[in-house]
Each structure stands twice: as C-alpha cells, then as structure tokens.
Amino acid sequence: MQQAKFGQIFGLSSLVLGMVAIAPASAQEAGTMPVPITPNNLDLLTSATTLDEEADQVTSVSQLTDVRPTDWAYQALKSLVERYGCIVGYPDKTYRGNRALSRWEFAAGLNACLDKIQELIAAATADFVRKEDLETVKKLQELFAAELASLRGRVDALEIRTATLEKQQFSATTRLNGEAVFALTGIATGDDANGQKVPKNPIFGDRVRLNFDASFTGADLLRVRLQAINLTPFSSVLNTPAGDLRFADPAFSTAAENNNSVEIDALLYQFPVGERLTVTLQANAGAIDDFTDTLNPFLDGDGGTGALSHFGTRNSIYYLLNGTGLGLRYVLNDQFEISAGYLANDAANPDAGGGLFNGPYGAIAQLTFKPSETFAIGLTYIHAYNNDFTANGSGGSNRANLRSALLGNPNLPGALADFAGVDIPTSSNAYGLQASFQFSPQVVLNGWVGYVNTRTLSTRGVLPRGELDTWNWGVGLAFPDLFRAGSVGGIIVGMEPRVTGVTSGLRSAIGRDRDMSFHVEAFYQYRINDNISITPGIIWLTNPDFNSSNSDVVIGAIRTTFTF
C-alpha cells in the first residue's frame with residue numbers, strides 16, 4: 001500500500017517536471033503566440049484537488065473535445081486528468097493544447113498538482129511513526145530498563161539450558177513418560193466360592209509403568225513399555241482362580257504376582273496409512289483398546305485412572321483377546337468408524353499348540369457410530385479360540401464363561417476343581433453393544449451388554465461336547481470435574497459374566513448359574529494436581545459366584561496415581 005502511494009507521488013512529480021520542461025517549447029514549436037492571462041481571468045484554467053468540486057471539471061480526457069489520441073502529449077494529459085485529477089479544461093470542454101502557456105496558467109496548473117502531491121504524501125505517511133511516539137518508547141525503555149535487563153538475562157539463561165538439554169537429551173525422537181500406582185486394598189467381608197469366610201487381610205502394592213514413546217515421522221508412534229507390579233488378584237483368596245470374581249479384581253492388578261520384576265509389557269508400532277486408516281502392530285501384550293474405542297469414557301483408564309475393577313473398566317467380552325497381532329482403525333467419515341484386529345496369545349511359541357494361528361487367539365470387528373459429539377454407540381463381534389483353560393488372554397474369559405459350573409463339581413475329576421493341567425479347547429463367539437451419552441459436561445452415562453456362546457471342542461473324554469451361553473451387562477455414570485477440575489466420580493452397576501444356558505450334552509457335568517449376582521462399584525478420583533490423583537472406592541458383590549448361600553463380598557481400595 002505504501003509503495004503504491006509513493007509510486008503515485010513519483011509519477012505525478014515526473015509529469016509536473018515534464019510540464020515545466022517542455023510546455024513552453026511545445027508552444028513555440030506550434031507557432032502560437034501566448035494570450036495574456038491575468039488574475040482576473042485565471043478561472044479560464046482552473047485546478048482542483050477533487051473531481052467533483054466544479055461543473056466544468058472533466059473526469060476523462062475523452063471529455064475534452066479538442067484532444068486526440070494522436071496528440072504527442074496525449075498520455076501525459078490523460079494521466080494528469082484521469083489518475084491525478086489536477087488538470088481541467090475550459091468551460092466549453094476544450095483543452096486548447098496548441099496555445100501558448102502563460103505564467104499565470106502555469107502557476108495555476110502547477111499549484112493544483114503540488115496540492116495533489118501534498119495529499120498523496122499525507123496519505124502515504126499517515127501510518128508512519130511520529131517523533132512523539134519515538135520519544136514515548138524511549139522513555140518507556142528508560143523506565144523499565146531493569147526489567148528489560150532481567151528479561152534479557154533470563155532469555156540468555158534459557159538459551160544456555162536449551163543448548164545443554166539438546167546435547168544431553170536421551171533421544172531426539174523418544175519421549176519418556178511414566179505412571180506409578182500405589183494401592184491400599186482389601187476384602188472387608190464376605191464368603192469365597194466355597195462358602196468360607198474370606199480372611200480380612202489388607203494389602204499394599206504397586207504397579208509402575210515407563211513408556212518410551214518414539215516418533216519418526218511426527219504421525220507414527222513406537223511404544224516400548226516397561227512394567228513392574230506386585231499386586232496379586234483377590235481371586236486367589238476367594239478360591240475362584242477361574243471364576244467370575246476375576247472381574248472384581250482391581251484393574252491395576254495382574255493375573256500372577258511378579259514381585260516387581262521389570263518386564264516388557266506393551267510393545268507396539270502405530271502409523272497412519274492415508275488420512276483415514278491407522279495401523280497398529282502389536283508385538284507384545286497387545287490390548288483391544290489400542291485400536292478400538294471401548295465407549296466407556298472416564299471409566300476406562302486401564303487401572304491407573306477411572307474404574308477400580310476389570311469389570312467396571314469395559315465390556316467383559318473385550319477381554320477375550322490380547323497378545324500379538326494386528327489392529328486396524330478406519331474412519332469412514334465424521335460419524336462412522338470401523339475397527340478390526342487379530343491377536344494371538346502365544347504367538348512366539350513354535351510348538352504345535354502355539355504360534356500365530358494354532359494357539360489361543362481372538363479376532364474382533366466393531367462398527368462405531370457417533371452421530372454427535374455427545375452420543376456414540378458400538379456394535380462388536382469377537383471370535384476367540386482357546387486350547388487351555390489356564391492360558392491368558394482369550395483363555396481368561398473362556399475360563400470365566402465356564403467358571404462356577406466347573407469349580408468343585410463332584411461329577412468332574414479333581415483336577416478340574418482349580419483347572420490345573422486342564423486341556424480342553426473351546427471356541428467362543430461374542431456379541432457386544434456399547435453406548436455412551438453425555439448429558440452435560442458434568443454427567444456421562446455409559447452402558448454395555450455382552451453375550452458369549454462358548455463351545456467345547458475336542459474334550460478328550462473329560463467333558464462331552466456342548467455349548468454354554470454367558471451374559472454380562474453394566475451401566476456406569478461418570479461425573480467429570482466433580483467438586484474440582486480434573487476430578488472424576490463414578491458409579492457402576494451390572495452383572496458379571498453369568499452362565500445362563502447349557503446344552504444337554506454338558507448339562508450332566510455343568511450347570512447354569514441359577515442365582516443372580518450384582519456388581520456395584522463407586523469411586524471418586526480426586527485430582528490433587530496435574531501429576532497426582534487419589535481415588536478411594538468400594539466394590540460390593542452380591543451373592544458371590546452367583547450363589548445365594550454365599551455372603552456378599554465388600555472390597556475397599558485407595559488408589560494413588562502418579563504420572564510423570
């Protein structure tokens with residue numbers, strides 16, 4: 001803008017100088033004699049600073065009847081009239097370019113052009129810094145000299161620290177983050193699966209995770225997680241190592257105590273393919289929530305945050321698979337998303353009952369529909385195979401599907417009482433419906449229902465072939481920012497996996513769960529600051545092991561989570 005204005009000034013000045021230099025000579029060359037012009041008749045050649053001030057002022061050179069495009073000064077006159085507006089014609093719409101220019105006429109035209117130059121200069125320099133402004137800035141610099149010097153010193157110190165960090169950084173591509181969970185928990189009252197009183201023995205344990213997250217393109221993620229844990233699940237004291245009470249275990253516990261031995265837990269590489277597809281390669285301890293939305297916001301925190309129990313964390317059918325494999329997440333549009341994956345639990349074992357396809361595995365497909373930012377619903381199908389009740393991953397949920405029906409059953413060999421050494425292949429087909437609705441920023445309603453049909457395959461004479469039907473459901477209320485920003489309150493009510501039907505072939509050996517049992521859980525996750533939260537909570541199980549003869553189990557817990 002400033003350049004354009006200065007260009008106009010320069011152009012007009014050039015035309016004025018040209019007029020001074022060549023106008024008299026042109027008149028002489030034309031052979032005309034000057035007509036005296038006095039101040040009394042100066043109005044015959046009028047100048048103006050705007051185009052609308054006088055009736056005889058022209059806006060285009062074409063309005064001057066005696067001017068032709070072939071005239072030698074046509075372009076100069078055209079610019080003075082149409083671009084700068086500082087030359088006008090005579091009242092009869094003529095310019096009379098061949099007559100001599102008197103000193104009076106020259107003075108009038110030059111004055112008009114100079115006035116126009118002054119206008120252009122004023123407009124071009126209107127935004128320039130004035131001397132008064134510069135003086136004000138100088139005074140402010142003197143007034144805040146000490147603060148500016150301190151700020152300059154802090155910037156210099158930051159530059160030194162930044163240079164030091166760049167030299168000493170762990171990795172240019174890897175970021176370290178961690179989580180430490182301290183848990184005080186215990187069973188306050190209740191019976192185990194055999195109707196015996198559970199010992200009231202509070203325990204204190206921990207789970208520590210260190211994540212090394214690396215990115216090589218800015219859009220991908222390589223995660224290597226080191227984990228140490230020493231919390232033993234309560235199912236060991238409830239005499240239900242294969243029972244549904246496994247789901248009441250704290251979500252921050254593990255299937256077996258490892259005495260805080262450091263092991264590689266999650267090992268995955270996630271990267272986008274195009275704008276809609278995300279691929280997740282799971283090398284170890286892969287979980288379904290790495291590539292699938294479990295639709296349980298604020299409650300699914302994988303043990304460190306959210307619900308206290310496995311059951312309250314997500315739909316129980318999701319536990320049918322974990323391990324090594326591939327996960328895909330494809331966003332169809334703003335509303336629809338498809339997740340699919342395959343995970344093998346014993347992928348690194350070359351034996352006949354192991355590997356990617358001969359050992360325990362699970363495959364999932366889920367369609368998620370999000371019509372708005374506050375509502376989402378998901379339809380899930382899972383197929384899982386397990387060749388050993390004592391296996392992890394898919395076997396864990398298969399065991400839960402067969403739990404109380406096999407425990408202590410007098411019609412079965414004694415080894416089946418605790419599933420030690422049992423080798424009964426099973427195949428499961430699971431169907432799930434999950435939904436979440438956010439009523440307001442402070443109230444979220446989550447819910448799910450899951451159905452699993454499990455078939456015994458080659459039972460080797462231990463059990464006849466047959467099928468079992470298992471159902472579970474849950475409803476959860478989450479209260480984000482309850483009493484304090486970043487805090488969360490939660491209430492979960494539901495039914496843990498319950499055997500509701502058994503085919504005739506298995507009925508003599510396995511019975512269905514005749515009694516009802518409910519899982520009731522409540523917690524409040526209080527955020528102390530950005531890195532520390534403390535979560536007291538309680539879990540209440542009615543009719544443990546779906547047996548009305550057993551007294552209710554009450555589990556208390558106080559979880560403290562540190563993130564860094």
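Trainee: Where does L295 sit?

Mentor: Look in the loop between β5 (277–286) and β6 (300–301). Helices and strands here are DSSP runs (H or I of at least four residues for helices, E of at least two for strands), numbered from the N terminus. One thing before we go on: this is a predicted model, where local features need pLDDT of at least 70 and side-chain atom pairs count only at pLDDT 80 or more, while totals for chains, interfaces and linings use all residues. Residues are numbered from 1 along each chain as its sequence is written, and side-chain values use heavy atoms, with hydrogens and water left out.

Trainee: Is L295 buried or exposed?

Mentor: The general idea is relative accessible area: buried means under 20%, exposed over 50%, and partly exposed in between (1.4 Å probe, protein chains only). L295 has a value of 4%, so this residue is buried.

Trainee: What about the phi of L295?

Mentor: Most residues other than glycine have a negative phi. L295 goes the other way, with a positive phi of about 55°. N260 is another non-glycine residue with a positive value, near 60°. You'll find N260 in the loop between β3 (221–229) and β4 (263–273). N260 is partly exposed, because its relative accessible area is 31%. There's a glycine to look at too: just after α2, G85 takes a positive phi of about 65°.

Trainee: How many helices and strands does the chain have?

Mentor: The chain holds 9 helices and 18 strands. Of its 564 residues, 42% are buried.

Trainee: How do I check a helix, say α3?

Mentor: Work out the expected span, which is 1.5 Å times one less than the number of residues. For α3 (residues 103–124), with 22 residues, that gives 32 Å; the end C-alpha atoms are 31 Å apart, so the two agree. Among the buried residues of α3 are A108, A112, C113, I117 and L120, and also E105 and K116. In helix α2 (residues 74–84), the buried residues include Y74, L77, L80, V81 and Y84.

Trainee: Which strands does β1 join?

Mentor: Two strands pair if DSSP finds at least two bridges between them. β1 (residues 174–189) runs antiparallel to β2 (residues 203–214), with 12 bridges joining them. In that pairing, T185 stands opposite I203. β1 is also antiparallel to β18 (residues 553–563), through 10 bridges. There, the bridge partner of F182 is T560.

Trainee: What should I know about salt bridges?

Mentor: Side chains of opposite charge can pair when their charged atoms come close. The cut-off is a side-chain nitrogen of Lys or Arg within 4 Å of a carboxyl oxygen of Asp or Glu. The structure has 10 of them. Take E179 and R207, whose closest N and O atoms are 2.7 Å apart. That pair links distant parts of the chain, E179 in strand β1 and R207 in strand β2, 28 residues apart. Both E179 and R207 are buried.

Trainee: Which residue forms a salt bridge with R225?

Mentor: D265 does, with the closest N and O atoms 3.4 Å apart. R225 is in strand β3 and D265 in strand β4, 40 residues apart. R225 counts as buried because its relative accessible area is 11%, and D265 is buried too, at 17%. Now compare R527 and D530, whose side chains meet at 2.0 Å, N to O. R527 is partly exposed at 27%, and D530 is exposed at 59%. Salt bridges can also form a network, as with D289, D300 and R314.

Trainee: What does G489 touch?

Mentor: Contact means heavy atoms within 4.5 Å. Leaving out residues up to four places away in sequence, G489 touches L477, A478, F479, L482, F523 and Y524. G489 lies in strand β15 (residues 488–502). At 2% relative accessibility, G489 is buried. Across the chain, contacts with a separation of 6 or more are 65% between residues 24 or more positions apart.
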